Amino acid sequence: MTTDAFDGRVALVTGAGRGIGRAIALGLASDGAAVALVSRTEAELNAVAAEVRAQGGTALAVAADVGDTDQIRELVSRVTTELGPVEILINNAAVVWPLGPSATIDPADWEQAARINVIGPVTLSLAVLPPMIERGWGRIANVSSGVAANPAAMIGANAYTATKTALEAHTLNLSGELAGTGVTVNVFRPGTVDTAMQGWIRKQDPERIGTALHERFITMQQSGTLITPERSASVLLEHIRGRANGEIWDVS
Ligand SMILES: NC(=O)c1ccc[n+]([C@@H]2O[C@H](COP(=O)([O-])OP(=O)(O)OC[C@H]3O[C@@H](n4cnc5c(N)ncnc54)[C@H](OP(=O)(O)O)[C@@H]3O)[C@@H](O)[C@H]2O)c1
């Protein structure tokens with residue numbers, strides 16, 4: 001344990017099985033938080049939980065789909081029972097699909113992406129807000145993307161762009177409601193990070209998703225500009241220790 005900034009606090013991190021979410025969860029655990037680790041892949045969650053416990057921390061691995069509101073309700077109830085009320089919520093899980101020209105996209109896939117990227121984070125926030133407000137302390141960070149600042153940057157990623165932009169609008173609007181409560185909500189744009197999500201995009205057929213979009217992600221890797229999940233997470237961890245509310249923390 002390096003510091004005790006969050007000693008005894010209960011944190012819930014979605015998408016904690018790998019990538020940026022894993023690095024955030026390990027960082028919060030290093031700061032003393034008991035972490036609830038959430039994603040759909042149990043084996044990845046168990047591996048991260050073992051890492052937390054190996055450094056002396058407390059971890060609870062809960063497999064759940066944040067695109068399913070019933071599973072979110074069960075998840076919050078289980079974390080509250082086993083660890084206590086959630087005091088730090090990191091809405092990090094997201095999907096970048098569906099990719100490709102919008103005229104070729106199955107609307108059901110677009111809708112499911114919106115459930116995972118927007119409805120899930122909002123539902124989780126609404127579930128944990130009442131006890132946070134009652135106790136006068138809470139931290140929520142919603143992981144977005146630089147694309148929200150430049151919606152024309154990822155042509156062929158319409159659902160991703162629209163959902164991240166919606167998540168930011170939700171966050172900044174909610175922050176106004178929360179002013180003075182001791183509960184803060186902020187946006188985190190993690191930069192361009194070397195994760196499975198980036199690797200998945202590079203593996204897609206350029207003819208299907210669009211050559212410009214595909215090339216953009218190949219170039220990001222080849223130019224060596226991708227940062228590590230740990231470096232990205234360190235920016236969020238630094239900010240979330242403070243009292244800022246309604247900000248956009250942009251790594252790039
Ligand atoms: N990597 C980048 O360059 C980059 C840039 C800008 C923004 N971001 C954002 O950063 C965040 C993390 O991305 P990453 O790059 O670390 O991606 P990643 O490596 O693909 O990790 C995503 C995590 O989210 C989980 N997840 C996905 N769908 C889920 C669902 N329906 N329910 C529960 N968990 C789910 C995944 O686990 P399961 O699949 O096992 O559920 C995984 O643990 C995302 O919000 C992403 O949009 C990333």
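Here are a few notes to help you find your way around this structure.

1. First, a word on what you're looking at: this is a predicted model. Keep that in mind for the distances quoted below.

2. Start with the ligand, which sits in the largest pocket. Around the ligand there are 29 residues, and the closest of them are R40, T41, N92, Y160 and T195.

3. Which kinds of residue make up that shell? By class, 13 are nonpolar, twelve are polar and four are charged.

4. Now for some contacts to zoom in on. The side chain of T41 has an N or O atom 2.3 Å from an oxygen atom of the ligand. For the side chain of R40, the distance from an N or O atom to a ligand oxygen is 2.7 Å. D65 deals with a nitrogen atom of the ligand instead: an N or O atom in the D65 side chain is 2.8 Å from that nitrogen. As for cover, the ligand has 880 Å² of accessible area on its own, and the protein covers 96% of this.

5. If you'd rather think in terms of helices, look at helix 1 (19-30), helix 5 (158-178) and helix 6 (196-203), since each supplies at least two residues of the shell around the ligand. Helix 6 gives the largest share, with three residues.

6. Away from the ligand, have a look at the charged pairs. Side chains of opposite charge can pair when their charged atoms come close. Searching the whole structure turns up twelve salt bridges. One to pick out joins the side chains of R9 and E87, at 3.0 Å from N to O. This pair links distant parts of the chain, 78 residues apart: R9 is in the segment before strand 1 (10-14), while E87 is in the loop between helix 3 (69-82) and strand 4 (88-91).

7. One last thing, in the backbone: the peptide bond from W97 to P98 is cis, with omega near 0°. You'll find P98 in the loop between strand 4 and helix 4 (107-135).

Technical notes: Residues numbered from 1 in each chain as written. Predicted model: local features only at pLDDT ≥ 70, side-chain atom pairs only at ≥ 80, totals over all residues. Heavy atoms only, no water. Near = heavy atom within 4 Å. Polar contact = N/O pair within 3.5 Å; in protein donor to acceptor, adjacent residues only side chain to side chain. Areas by Shrake-Rupley, 256 points an atom, 1.4 Å probe, with all protein chains shown as cover. 1 Å grid on protein atoms, 1.4 Å probe; cavity = no way out; pocket = protein on both sides within 12 Å on 5 of 7 lines; lining within 4 Å. Sits in = over half its atoms within 2 Å of the grid points. Helix = DSSP H or I, 4+ residues; strand = E, 2+ residues; numbered from the N terminus. Nonpolar A, V, L, I, M, F, W, Y, C, P; charged D, E, K, R; others polar. Salt bridge = Lys/Arg side-chain N within 4 Å of Asp/Glu carboxyl O.
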